[in-house]
Amino acid sequence: MFKHLKIKVLLFCFSFPLFTGSEFPQDPSMQAATLWNTSSDGPHFIRLDAPMNNITTSVGQTAELLCRVSGNPPPTVRWLKNDAPVVQEPRRVSYRSTLFGSRLRIRSLDTTDTGYFQCVATNIQGSVSTTGVLFVKFGEKTLLPVASKHLCISN
């Protein structure tokens, strides 16, 4: 009788400051939506599964920023730094798809790598995004409280 049932739901949208303990200006916000479209092909959706972490670390270290998204069809992910596309650099700046979404890795950090990083995930259902702060300082590596439990720092 019914071939397609289409349902679109906006789950939540909120903004909150994230504590990192540094003097770096903070105003990243997280906007999250789950959009659904159920058809004979199965449920189509896009979802932000977790907010991005804020990271404070030191020059010379490696930082990994995680974009935890899911969707059907699988979303494509774009990475931005201070609203400009992230440019990959061989053996230093790279991003790749993962089982949970995407990972941005920056090796041999410099203070110029400090900034607001955003991932934007898109599929036929729409887009979701999340923003985190990477703060690179001189001195020893420091990990500070973040909004979620998914934080990766490696040497």
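A residue is termed partly exposed when its relative accessible area falls between the buried range, under 20%, and the exposed range, over 50%. Arg 96 has a relative accessibility of 45%, so Arg 96 counts as partly exposed. The structure described here is a predicted model, and Arg 96 is placed by that model in strand 7, which covers residues 93–98. Outside the residues up to four places away in sequence, Arg 96 touches Gly 101, Ser 102 and Arg 103. The C-alpha atoms of Arg 96 and Val 77 are 9.0 Å apart in space, and the two residues are separated by 19 residues in sequence.

The secondary structure of the protein chain consists of 11 strands and zero helices. Read along the sequence, the pattern is therefore β-β-β-β-β-β-β-β-β-β-β. The protein chain has 155 residues, of which 44% are buried. Among contacts between residues at least 6 apart in sequence, 65% join residues at least 24 apart.

The largest nonpolar core comprises 20 residues. Within this core, the residues that touch the most other members are Leu 65, Trp 79, Leu 104, Ile 106, Phe 117 and Leu 134. Two or more residues are given to the core by each of strand 2 (42–50), strand 4, strand 8, strand 9 and strand 10 (126–137). The most is given by strand 4, with four residues. For Ile 106, one of the core residues named above, contacts were listed without neighbours within four places in sequence. On that basis Ile 106 is in contact with Gln 61, Thr 62, Ala 63, Arg 92, Val 93, Asp 113, Phe 117 and Leu 134. Two of these partners, Phe 117 and Leu 134, are also among the core residues that touch the most other members.

One disulfide is present in the structure. The disulfide joins Cys 67 to Cys 119, with an S to S distance of 2.1 Å. The torsion about the S-S bond is about 75 degrees, and the disulfide is therefore right-handed. Distant parts of the chain are linked by this pair, since Cys 67 lies in strand 4 (residues 62–72) and Cys 119 in strand 9, 52 residues apart. Cys 67 has a relative accessibility of 0% and so counts as buried. Cys 119 is likewise classed as buried, because its relative accessibility is 1%.

Two polar contacts involve side chains of buried loop residues. Asn 54 is located in the loop between strand 2 and strand 3 (55–58). The relative accessible area of Asn 54 is 3%, so the residue is buried. A polar atom of the Asn 54 side chain lies 2.9 Å from the backbone nitrogen of Val 133. Thr 114 occupies the loop between strand 8 (101–106) and strand 9 (115–123). With a relative accessibility of 16%, Thr 114 also counts as buried, because the limit for this class is under 20%. A polar atom of the Thr 114 side chain lies 3.1 Å from the backbone oxygen of Thr 111.

With respect to aromatic side chains, the count of aromatic pairs is zero. Arg 68, however, lies over the face of Phe 100, at 4.6 Å from the ring centre.

Several backbone features were found in loops. The peptide bond from Asn 72 to Pro 73 is cis, with omega near 0 degrees. Pro 73 belongs to the loop between strand 4 and strand 5 (76–81). Positive phi values occur at Asn 82 and at Arg 91, neither of which is a glycine. At Asn 82, phi is near 50 degrees. Asn 82 lies in the loop between strand 5 and strand 6 (84–85), and a relative accessible area of 43% makes Asn 82 partly exposed. At Arg 91, phi is about 65 degrees. Arg 91 is placed in the loop between strand 6 and strand 7. The relative accessibility of Arg 91 is 77%, so Arg 91 counts as exposed.

Note on methods: Residues are numbered from 1 along each chain as its sequence is written. This is a predicted model: local features need pLDDT of at least 70, side-chain atom pairs count only at pLDDT 80 or more; totals for chains, interfaces and linings use all residues. Side-chain values use heavy atoms; hydrogens and water are left out. Buried means under 20% relative accessible area, exposed over 50%, partly exposed in between (1.4 Å probe, protein chains only). A polar contact is a pair of N or O atoms within 3.5 Å; within protein, one must be able to donate a hydrogen and the other to accept it, and residues adjacent in sequence count only if both atoms are side-chain atoms. A disulfide is a pair of cysteine sulfur atoms within 2.5 Å. A nonpolar core is a set of buried Ala, Val, Leu, Ile, Met, Phe, Trp, Tyr and Cys residues joined through side-chain atoms within 4.5 Å. Contact means heavy atoms within 4.5 Å. Rings of Phe, Tyr and Trp (its six-membered ring) pair if their centres lie within 6.5 Å; planes under 30 degrees apart count as stacked, over 60 as edge-to-face and the rest as tilted. A charge sits over a ring if NZ of Lys or CZ of Arg is within 6 Å of the ring centre and within 35 degrees of the ring normal.
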